[in-house]
Amino acid sequence: MHLAHVLGTVVATIKDPGLVGRALLLVQPLSPDREAVGRPLVAVDSVGAGIGEDVFFVRGREAALPFLPVSVPTDAAITGICDHWTTGDRSPLERRRAAVSTGARKGGR
Amino acid sequence: MRLARVVGSVVSTRKHRALEGAKLLLAQPVDQRGADTGVVQLAVDAVGAGYGELVLVVLEGRAAGAALGQPGAPVDSAIVGIVDPRDGLTSDG
Amino acid sequence: MILGKVVGTVVATRKDERLVGSKLLLVQPILPSGEASGGPIVAVDTVDAGAAETVLVVSGSSARMAAGQSDRPVDAAIVGIVDAVSMNGSG
């Protein structure tokens, strides 16, 4: 699964019956530092995401799973909207606290 | 499976129902020396991994769904093991 | 899925028998800006796309989920004809 930013929407009147009624969103895969990774792609939305939101999406044959039993021919599906993500696993405050406690008991984790 | 290092976590309130309660971690694929290879991916955590740990990531949907305890969940990768920190990895490279 | 532009047709008389009757198109992957990106691919057309149209292409095993493709040896299928791409309210 990958992080991505929703760039836009795609409208297609003529499409596979499995895609009818589904939102097609243009997404740009992102690194955790918000740098673009690779080129934008079109993903079928399963969670109600919108333009400007950060999401995560699944690639490959698993992309069809959210829509079963309907057979949706897609290789990318948005499966979640990111509230936020953290790298380093700690907020700045937690990091400061950790630094203080590490200083207190030397050799802490 | 691939080796990866946990570099972060993702919080998502609105997600596919099969992912409810799942812990989502950011995993940076690494080689046998711990050097980064390729781009950071999102994986569901099935073993209680934490930041900085070297982990085993399965990159296949059926296995990932099974690890999550949700067969058929729309996931393509899961953390299924934590490499022992001291001597869990030996290589001649 | 990716956006692509139909740039040609492919005729192959000798092919896997499960591909008989399939329409094969040459599709150039494009960026949202319309700029070409990477090399062209051959995709089976399931929506009767035409020359120069912008289309949606699904790749990998998911291509076999397109209508009528379940037992065909295909890894790319055209599953939609794009009317418009809008970004940040534009288009």
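**Exercise 1. What percentage of the 91 residues in chain C is buried?** Work this out along with the overall build of chain C.

*Solution.* Keep in mind that this is a predicted model.

- Step 1: Start with burial. Buried residues account for 37% of the 91 residues in chain C.
- Step 2: Count the elements. You should find 0 helices and 6 strands in chain C, so the pattern along the sequence reads β-β-β-β-β-β.
- Step 3: Check the compactness. Chain C has a radius of gyration of 13 Å, close to the 12 Å from the globule rule for 91 residues, so chain C is as compact as a globular protein of that length.
- Step 4: Look at the box. Along the principal axes, the C-alpha atoms of chain C fill roughly 45 × 25 × 20 Å.
- Step 5: Look at the contacts. Take those in chain C with a separation of 6 or more: 50% of them join residues 24 or more positions apart.

**Exercise 2. Find out how S2(C) pairs with S1(C) and S3(C), and pick a residue pair for each pairing.**

*Solution.*

- Step 1: Begin with S1(C), residues 2–10, and S2(C), residues 23–29. These two strands pair in the antiparallel sense over 6 bridges. For a residue pair, take C:Val10, whose bridge partner in S2(C) is C:Leu24.
- Step 2: Now go from S2(C) to S3(C), residues 41–45. This pairing is antiparallel too, with 5 bridges. Here C:Lys23 stands opposite C:Asp45.
- Step 3: Put it together. S2(C) pairs with S1(C) and also with S3(C).

**Exercise 3. Describe the contact between chain A and chain B, starting from the residue counts.**

*Solution.*

- Step 1: Count both sides. Chain A has 30 residues in contact with 26 residues of chain B.
- Step 2: Find the elements on the chain A side. S1 (2–11), S5 (54–59), S6 (76–81) and S7 (84–87) of chain A each give at least two residues.
- Step 3: Sort that side by class. You get 14 nonpolar, 11 polar and 5 charged residues.
- Step 4: Look for strands that pair across the two chains. S7(A) pairs with S1(B), residues 2–11, in the antiparallel sense, with 4 bridges. If you want a spot to click on, A:Thr86 has B:Ser9 as its bridge partner.

**Exercise 4. Do the same for chain A and chain C: which elements of chain A take part?**

*Solution.*

- Step 1: Count again. The contact takes 29 residues from each of chain A and chain C.
- Step 2: Name the elements. S1, S2 (14–15) and S4 (41–45) of chain A give two or more residues each. S1(A) has the largest share, with 5 residues.
- Step 3: Sort by class. The side of chain A that touches chain C holds 17 nonpolar, 7 polar and 5 charged residues.
- Step 4: Find the strand pair. S2(A) and S5(C), residues 76–81, run antiparallel and are joined by 2 bridges. Within this pairing, A:Lys15 stands opposite C:Gly80.

**Exercise 5. Which residues have the most contacts inside the largest nonpolar core?**

*Solution.*

- Step 1: A bit of background first. Nonpolar side chains tend to be buried together in soluble globular proteins.
- Step 2: Now the core itself. The largest nonpolar core has 80 residues, and A:Val42, A:Phe57 and C:Ile78 have the most contacts inside it. S3(A), residues 24–30, gives the largest share, 5 residues.
- Step 3: Zoom in on A:Val42. Leaving aside neighbours within four places in sequence, its contacts include A:Val10, A:Leu24 and A:Leu26, and also C:Met1, C:Ile2 and C:Leu3.

**Exercise 6. Which residues of H1(B) are buried, and what covers them?**

*Solution.*

- Step 1: Go through H1(B), residues 61–68. The buried ones are B:Gly61, B:Ala64, B:Gly65, B:Ala67 and B:Leu68.
- Step 2: Check their directions. They cover an arc of only 160° around the axis, so they sit on the same side of H1(B).
- Step 3: See what covers them. The cover includes S3 (41–45), S4 (54–58) and S5 (78–82) of chain B.
- Step 4: Look just past the helix. B:Gly69 follows H1(B), with a positive phi near 80°.

**Exercise 7. Is A:Arg34 buried or exposed?** Look at its backbone as well, then try C:Asp48.

*Solution.*

- Step 1: Locate A:Arg34 in the loop between S3 and S4 of chain A. Its phi is positive, near 70°, though the residue is not a glycine.
- Step 2: Apply the cut-off: exposed means 12 or fewer other C-beta atoms within 10 Å. A:Arg34 has 11, so A:Arg34 is exposed.
- Step 3: Repeat for C:Asp48, in the loop between S3 and S4 (54–59) of chain C. Its phi is positive as well, about 60°. With 10 other C-beta atoms within 10 Å, C:Asp48 is exposed.

How values were computed. Residues are numbered from 1 along each chain as its sequence is written. Chains are lettered from A and ligands numbered from 1 in the order in which they are written. Two residues are in contact if their C-beta atoms, placed from the backbone, lie within 7 Å. Ala, Val, Leu, Ile, Met, Phe, Trp, Tyr, Cys and Pro count as nonpolar, Asp, Glu, Lys and Arg as charged, and the others, Gly among them, as polar. Two strands pair if DSSP finds at least two bridges between them. The radius of gyration is taken over C-alpha atoms; the globule rule is 2.2 Å times the number of residues to the power 0.38. A residue is buried if 20 or more other C-beta atoms lie within 10 Å of its own, exposed if 12 or fewer, and partly exposed in between; C-beta atoms are placed from the backbone. A nonpolar core is a set of buried Ala, Val, Leu, Ile, Met, Phe, Trp, Tyr and Cys residues joined through C-beta atoms within 7 Å. The arc is that of the directions from the helix axis to the C-beta atoms.
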